[in-house]
Amino acid sequence: MQQHDEGGEDAGGYFGGAEWADVTPIDAPEGDEACAQINYTSEFAETMGYFRAVLRADERSKRALALTARVIAGNAANYTAWFFRRECLKALGEDLKKELEFATNAALRSPKNYQIWYHRRAVVEMLGDGSDELEFTEEILMDDSKNYHAWSHRQFALQRFDLWDGEIAFVEKLLQMDVRNNSAWNQRWFVVKNTTGFDDAEIRERELTFAWTQAKRAPNNESPFNYLRGIIRLPSFVEVSLVRNELDGLLHYVKASSEGHPNKQNPPPLLGFAVDFYGANGEPGLATELCDSLAAEHDPIRRKYWAYRREQLTPNAASAEVAPVPPSAP
Amino acid sequence: MESMTQVAREGARLAAYDDDEPTESSMMQEDTERECARFYVDVASAPETFLGGMRSMGLLRGNDDEMHLLREETIDYLRRGLTIPLGASYTSLDASRPWLLYWMLQALDLLDAFPSDLVAGVRLALKECCAAGSLGFGGNFMQVGHTAPTYAAVLAICILDDDEAFQLLDRDAIYRFFMSLKHPSGGFRVQPDGEIDTRGLYTVLAVASILNILTPELTEGCAKFIADCQTYEGGIGGEPGNEAHGGYAFCGIAALAILGELDAIDLDAFVHWIAARQMRYEGGFQGRTNKLVDACYSFWQGATPAILREAAVRGDLHSSIGALAGVEGLIYDEERMQQYIILCCQQFQGGLRDKPSKRRDQYHTCYALSGLSVAQLGGSKVWGTQTNRLVETDPVYNIEREKLRRAKERFADLPPPVLSESTD
Ligand SMILES: [Zn+2]
């Protein structure tokens, strides 16, 4: 059996020996007029032929398990092979810790593949042990800090195994490396939402303060402003004066900065946040003024959006427009 | 229409500004703007060597100063993909054959080059992908049924618009398959033992609505599942808690449109998020906040404003978001988006790419052209030469509108699906 796991082959090839003599491979149709065919290597075609035979016989054996690894090495996106691999693992009562190692190596080879990540989740579920998952996802994220599958898997593990303790610190470490890493910002929201929630005033204040500190570091970074926007949309949000002070202060600070890049004095993410904040907190005049300058000058690619926001912020004008024309006086 | 001479971006200045705090994200953004800057030049004052290059690529033709879609070259690229076996490097798409077929057919259809000589060949390929027991389609010969290849296969059949191809579809079996994937969260698994996400949900609803098997049992909890996937940014992620992402946002909005429940999410927040995804310099869309432009999001992100606009015009949305009906066209800049595709994403041998530093593929060719079709607003907003006009795609299903109508008509009068296999 061992030689399968190692992928070692004798002169007769992988399927040349006695072990596979009882199996007749099922070849895929080829040479017909069917569209979108692929010129597979002969090794891959042969492997797939034996895999189909094993699949049809529903043979959940050691050799079938080893064969799925061979299929996956040829195409990690073959979800049928992953599916059948799990069937074999269950039937054979395999050591799932070893399977996790297999999944680790596969993910390191192709970290953006759906099937590998789903497989890992399924194996971790079967094991009932998520103790390796934070370290593993961290390893992937250190290489590709926005890997969607890795973040999603990390969220699963945090939630499923209640591993929240160090997560805010982890998020802050990543934001220290790249304050524009929006996946890390999203993770911060996820952690707060699923641990303390935002209902407590102290938590909201802590989060507002954190986001403002990061926003000031780079006012052209959209991520902290989206985070702030999320907070001011919460039904529990009441820290209007805190936000107003921070916002007025930052607007004043950027306007006073010296000449240079046009975004320096008018960072679109900051101005856009001001539209939403002023608009929702009793200063529609300020908000519509900002909409005009964003549309005309600072964010012209979104001029239609800012004009639309302006319409939304001036309900009287909007309703007057659609109101029926009054009949002329007799 | 904006003339070619106005394509030059504001004083050649990049939009990226790192606030003197450079990080990996801002550096990659700056590099990407630079790689696009090569294509955004003022034709009126461009050096002859540059114009000569544009002419030899076919982007400029004769004395015309309008930019061209490389129609013939792209048709040739797509037809070769259908008829000549693809190289071994395509082995990674061995389990995505219905997708390959759909991408190529949809792109050809948009180019008004439906391959009527290849109907039998496509039909045969799809037949080879039928899963055992007619439980949907698999990724290739003898693979298990999965909602994504099932979606791709059904769309490919609709594009073929061929009686014999439609016979590959067993409504009751597909209904049983979908019901077996239904999860208590309201979502669907993508395969019997597979992930539950927004993509799975959309692919099921899209197919079920075409086949007229969209029962209350099937749709129960769907809108809530999507609402749970809306994030604080306003966009939609793959699972509750995941980051807002263009591909999943499309799946979520299109699914809600099918359900007639667009109001299930915070649409004001969504519109803000989607408008913010168009790149200030490049003109195309990014998939997530602070990520890079990519042509495939021209459709994934570009289609949702069209879906929302159609709902607003019908009067299906609440008053505040209903103002979308008053916007001229879509809520993004359609011309700048088209410029990104035509100038930055065409490969001169035909086919389209993610961005200039990437190579063409069938997936990006399909979605770049689909996004272009949406942005052309039924032909009323074609950038470049008027022959760039594409056939109009439906923004919810992404097949030609007329093909969708004809497919739905086939199933409109059929009885409700049967859940249990009849024994008599
Ligand atoms: Zn892409």
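## A buried arginine and its partner

R288(B) is buried in this predicted model, with a relative accessible area of 6%. Its side chain meets that of E243(B) in a salt bridge, with N and O 3.0 Å apart. E243(B) is buried as well, at a relative accessible area of 5%.

Where do R288(B) and E243(B) sit along the chain? R288(B) is in the loop between α13 and α14 of chain B, while E243(B) is in the loop between α11 (222-229) and α12 (246-259) of chain B. The pair links distant parts of the chain, 45 residues apart.

## Other salt bridges to look for

Over all chains, the structure holds 57 salt bridges. One of them joins the side chains of R63(A) and D22(A), at 2.9 Å from N to O. R63(A) belongs to helix α3 (residues 62-74) of chain A, and D22(A) to the loop between α1 (2-6) and α2 (42-56) of chain A; they are 41 residues apart. Are these two residues buried or exposed? R63(A) is buried, with a relative accessible area of 10%, whereas D22(A) counts as exposed at 55% relative accessibility.

Another salt bridge connects D109(B) with K403(B), whose closest N and O atoms are 3.1 Å apart. D109(B) lies in helix α4 (residues 97-110) of chain B and K403(B) in helix α19 (residues 401-411) of chain B, so this pair ties together parts that are 294 residues apart in sequence. D109(B) is buried, with a relative accessible area of 4%, and K403(B) is buried too, at 12%.

## The zinc site

Now find the zinc ion. Which residues coordinate the zinc ion? D294(B) appears twice, each time through an OD atom, and is joined by C296(B) through SG and H364(B) through NE2, at 2.0 to 2.6 Å. Along the chain, these donors follow the spacing D-x1-C-x67-H. D294(B) lies in the loop between α13 (267-276) and α14 (297-300) of chain B, and H364(B) in helix α18 (residues 362-375) of chain B, 70 residues apart.

The angles among the four donor atoms run from 56 to 122°. Four donors count as tetrahedral if all angles lie between 85 and 135 degrees, and the site of the zinc ion is irregular. D294(B) is buried, with a relative accessible area of 11%, and H364(B) is buried at 9%.

## Cysteines without a bond

A disulfide is a covalent bond between the sulfur atoms of two cysteines. How many disulfides does the structure hold over all chains? It holds zero.

Take C344(B) as an example: the closest cysteine sulfur, in C36(B), is 4.0 Å from its own sulfur, which is too far for a bond. For C345(B), the closest cysteine sulfur is that of C344(B), 5.8 Å away and again too far for a bond. C344(B) is buried, with a relative accessible area of 0%, and C345(B) is buried at 0%.

## A helix with two sides

Let us finish in chain A. Helix α7 (residues 133-143) of chain A has these buried residues: E133(A), L134(A), F136(A), T137(A), I140(A) and L141(A). They cover an arc of only 165° around the axis, which puts them on the same side of α7(A). An α-helix has 3.6 residues a turn, so residues three or four places apart point the same way.

What covers the buried residues of α7(A)? The cover includes α5 (96-109), α6 (114-127), α8 (148-161) and α9 (167-177) of chain A. On the other side of α7(A), E135(A) and D143(A) are exposed.

Notes. Residues are numbered from 1 along each chain as its sequence is written. Chains are lettered from A and ligands numbered from 1 in the order in which they are written. This is a predicted model: local features need pLDDT of at least 70, side-chain atom pairs count only at pLDDT 80 or more; totals for chains, interfaces and linings use all residues. Side-chain values use heavy atoms; hydrogens and water are left out. Donors are N, O and S atoms within 2.8 Å of the metal (3.2 Å for Na, K and Ca); water is not among the atoms, so sites may look incomplete. Four donors count as tetrahedral if all angles lie between 85 and 135 degrees; four count as square planar and six as octahedral if opposite donors are over 155 degrees apart and all others between 65 and 115; anything else is irregular. Helices (H or I, at least four residues) and strands (E, at least two) are DSSP runs, numbered from the N terminus. Buried means under 20% relative accessible area, exposed over 50%, partly exposed in between (1.4 Å probe, protein chains only). A disulfide is a pair of cysteine sulfur atoms within 2.5 Å. The arc is that of the directions from the helix axis to the C-beta atoms. Contact means heavy atoms within 4.5 Å. A salt bridge is a side-chain nitrogen of Lys or Arg within 4 Å of a carboxyl oxygen of Asp or Glu.
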